[in-house]
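Student: I should like to learn how helix packing and chain contacts are read from a set of coordinates. Could we work through an example together?

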Amino acid sequence: MILFTLRRFLGFAATLFVAALVIFWLLDQLPGDPAQFMLGINATPASVAKLRIQMGLDAPAYERFFGWIWGMLQGDFGTSYSQRAPVAGLIWGRLGVTLPLSIFAMIISIVVGLPLGILAARRRGKALDTIVMVTAQTGIAVPNFWFGMLLTLLFAVVLRWLPPGGFTPWHENPGLAFRGLILPSLALALPQASILARVMRTALVDVTNQDYIRTARAKGLTMGEAVWRHGVRNALLPVLTILGLQFAYLVAGTVIVENVFYLPGIGKLIFTAISERDLILVRGATIILIITVTATMLLTDLAYAVVDPRLRERSAP
Amino acid sequence: MNKTTKAFGLALALTTAMAGAAMAQPTEVRIGVALEPPILDPTAGAAEAIDIVVYQNIFEGLVRVDQNGEVEPSLAKEWTISDDQLTYTFKLNEGVTFHDGTSFDADDVKFTFDRIVAEDSANAHKEFYTPITSVTVIDPLTVEFKLDEVIGRFLFDLARGDAVIVAPESADNNANEPIGTGPFAFVQWDKGSRVILEAYQPYWGTPVHLTKATYVFISDTATMTNALLAGDIDGVNNFAPEALAVFENNPQFHVLVGTTEGETILATNNKKPPFDNLKVRQAMAHALNRQAIIDGATYGYGTPIGAPFAPHNPYYVDLTATYPFDPEAAKALLAEAGYPDGFSATLKLPPVAYARLSGQIIASQFAAVGIKLELINVEFAQWLEDVYTNKDYDLSIISHVEPFDIGNYANPDYYFNYDNPTFQALIRTLNGTTDEAKRKELAIEAQTILAKDAVNGYLFELAQTGVWNAKLTGMWQNSPIEGLVLRDIRWTE
């Protein structure tokens, strides 16, 4: 188990290093000079050159790369070119929006998607099944920014129940902060809930054809009881896999939703930073997202290995 | 009373309380702005977004520009100019303090300008101030500037955001915590979301009407429209023309149409064949139908221009008739220039609606005379590198929003690649002249040369299209300088 854990950690570190290298290299290839962007269209070349030196952009690429890695190992993500403030602080400030937003969206999609999927599977072939599946298909097809716009029009412009966007920091007024996240998390959750409903239905339909359900029926359970006691739990496995994958999509979806609802989250931060060529900020934010995803995968692997010894034997002979 | 009635009563009371609270805030304003400034220090960045928030609100200069583009006193209450035009002596206002409580005096003025022209200065417009050879403190309320050449628009340059007065105690932190002498003090910046300003009570000048102003950053047009309709923001200084129809007939709003300093041009690489040929440039000028471009690209908002000068400027002269829209004349000139079948070129377009739309319209207008354009969409950072810095382009479309920037044409290294010694000499004379009548004459001559030379395709002056709550008054209709001045804004009821 120790050897297994060690191997997984080395793999984790190597993945991060390669990811960092790729991010650094790719962003370095982008046309556009951050110093020129900062100073704008009428700046003199001399001013731009001065600013380049101040920003440390004149050093060779390998020096900047290792300087960046070394800094991060010490917890220093550098100073944003455009905002002249520490990158770590800027990212930290935005997590208070993006994390709750993603989590709310995840909860809504589970609470709405799974029961609908179960309902559709139970009524397979009936009108309700068709209605749920057509709705889910539409939910997947509708872009979440458009759905967000519709929500705003109804709940903010016409009814004036909820704010059309914007965000009040949690420490200022938690109630207002929460209200600000209701519509965006609904917009974000719609496609996810639709996907979950479809996956849940398919998984459950598959399960009902299994031998153990037949056995359970033979032992005298009704179809409903058999599905509920034995089916749902087994059907949840593929759903959980999808759910894990969806988290990454959720984070990506926040970029668009944060723009529609003018929320100061990570997505919007990266979006703006790319257009401003604030490369150090883009790198920092991206690497944090990658760390989050790979660390989750590492933890899942370790958890699986603890639960199921066959896994660690297979990968650590 | 049963539960339902109680709940209903409570809800009613709450709603009434909330409505009451909303009505009791007639001294605050929330303004939607499309671009968030990267920093709030106007002396360290050129982004217009910075000046929109801070210019004349948080920071003030020795002088300022008013709504009509005239220079008027600000921190300096009066000044004298020596006969040789090389010495300016400013008398400063008394009792002025910075928002951190430190006092303002001549030492701060000296510090500000020494900092701008310093070796390691990153001021985006250092070149405006390099002719200053010395700034001398005569007494705490008198300061003297010496110049090594006559600069006709020196006072205007002092009124720019680049020359606002900062204090040695706070200058280094202005990027994120701006401290100035203006009527509004910085309170809070929720990055990615909003900037909050509050009226500064010990303000030295005329008190302002608002107690609080919040700038809300909303980049998407449809989102901004909803935010206005939902009452989340009270106004937008300059809004996308395509969305104005929603507000024009809505009595809750008024649309304020004015002029800007933004001359929109078909930027041309004058050294690159075939654009080094005057006849080719003249042919292109004849092929442009300005009104069609304005109607299509800015929904009719915008004024046709024939030279790079703002129509509201006192020196402006209408040169749109220099090369009127005439496709036949364009074809004839192309044939004379040796391109009877036209030619192909690229048109690089930055990510602003007026540029992308104008590009499509111009491509079809040019196709009619045989010039085939390939449209290339670029991001702004890439535009700056390709077009502006490396001059790697044929044609581009962009609005030049700097006030009085005709001097760029006298710089042969500017991205237009336009090198005309006669014009350069003329601009030198203009810069060295302070006599108004003479300056006007020279400025008109300069515009005429550029129009005749068809250096760029001159398209239109961008309009300023504000959308405001109908109960708000005091907003600037025009923007003769980059900024959104809050001083006169107030609620009428």
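**Helix packing and the chain contact**

Tutor: Helix H1 (residues 2-29) of chain A packs against helix H4 (residues 61-73) of chain A at an angle of about 135 degrees, and their axes lie 11 Å apart. Because angles over 145 degrees count as roughly antiparallel and those from 65 to 115 as roughly perpendicular, H1(A) is oblique to H4(A). Please note that this is a predicted model.

Student: Which hand does the crossing of H1(A) and H4(A) have?

Tutor: The crossing of these two helices is right-handed.

Student: Which residues of H1(A) and H4(A) meet?

Tutor: A packing angle is best read together with the side chains involved. H1(A) contributes Phe17(A), Ala20(A), Leu21(A), Phe24(A) and Asp28(A), while H4(A) contributes Ala61(A), Arg64(A), Phe65(A), Phe66(A), Trp68(A) and Ile69(A). Of the residues in this contact, 9 are nonpolar, 2 are charged and none is polar.

Student: What is the secondary structure of chain A?

Tutor: Chain A has 13 helices and 0 strands. Its C-alpha trace spans about 85 × 65 × 35 Å along the principal axes.

Student: How many residues does each chain give to the contact between chain A and chain B?

Tutor: An interface is described by its residues, its buried area and its specific pairs. Chain A gives 42 residues and chain B gives 51 residues. The area buried between the two chains is about 3,600 Å², with 53% from carbon and sulfur atoms.

Student: How many salt bridges are there between chain A and chain B?

Tutor: The count is 3 salt bridges. One of them joins Lys50(A) to Glu119(B), whose closest N and O atoms are 3.5 Å apart.

Methods
Residues are numbered from 1 along each chain as its sequence is written. Chains are lettered from A and ligands numbered from 1 in the order in which they are written. This is a predicted model: local features need pLDDT of at least 70, side-chain atom pairs count only at pLDDT 80 or more; totals for chains, interfaces and linings use all residues. Side-chain values use heavy atoms; hydrogens and water are left out. Axes are lines fitted to C-alpha atoms, for helices over the stretch in contact, and angles run from 0 to 180 degrees between N-to-C directions. Helices (H or I, at least four residues) and strands (E, at least two) are DSSP runs, numbered from the N terminus. Angles under 35 degrees count as roughly parallel, over 145 as roughly antiparallel, 65 to 115 as roughly perpendicular and the rest as oblique. A crossing is left-handed if the near helix is turned anticlockwise from the far one by less than a right angle, and right-handed if clockwise. Contact means heavy atoms within 4.5 Å. Ala, Val, Leu, Ile, Met, Phe, Trp, Tyr, Cys and Pro count as nonpolar, Asp, Glu, Lys and Arg as charged, and the others, Gly among them, as polar. Buried area is the accessible area (1.4 Å probe) that two parts lose on being put together, summed over both. A salt bridge is a side-chain nitrogen of Lys or Arg within 4 Å of a carboxyl oxygen of Asp or Glu.
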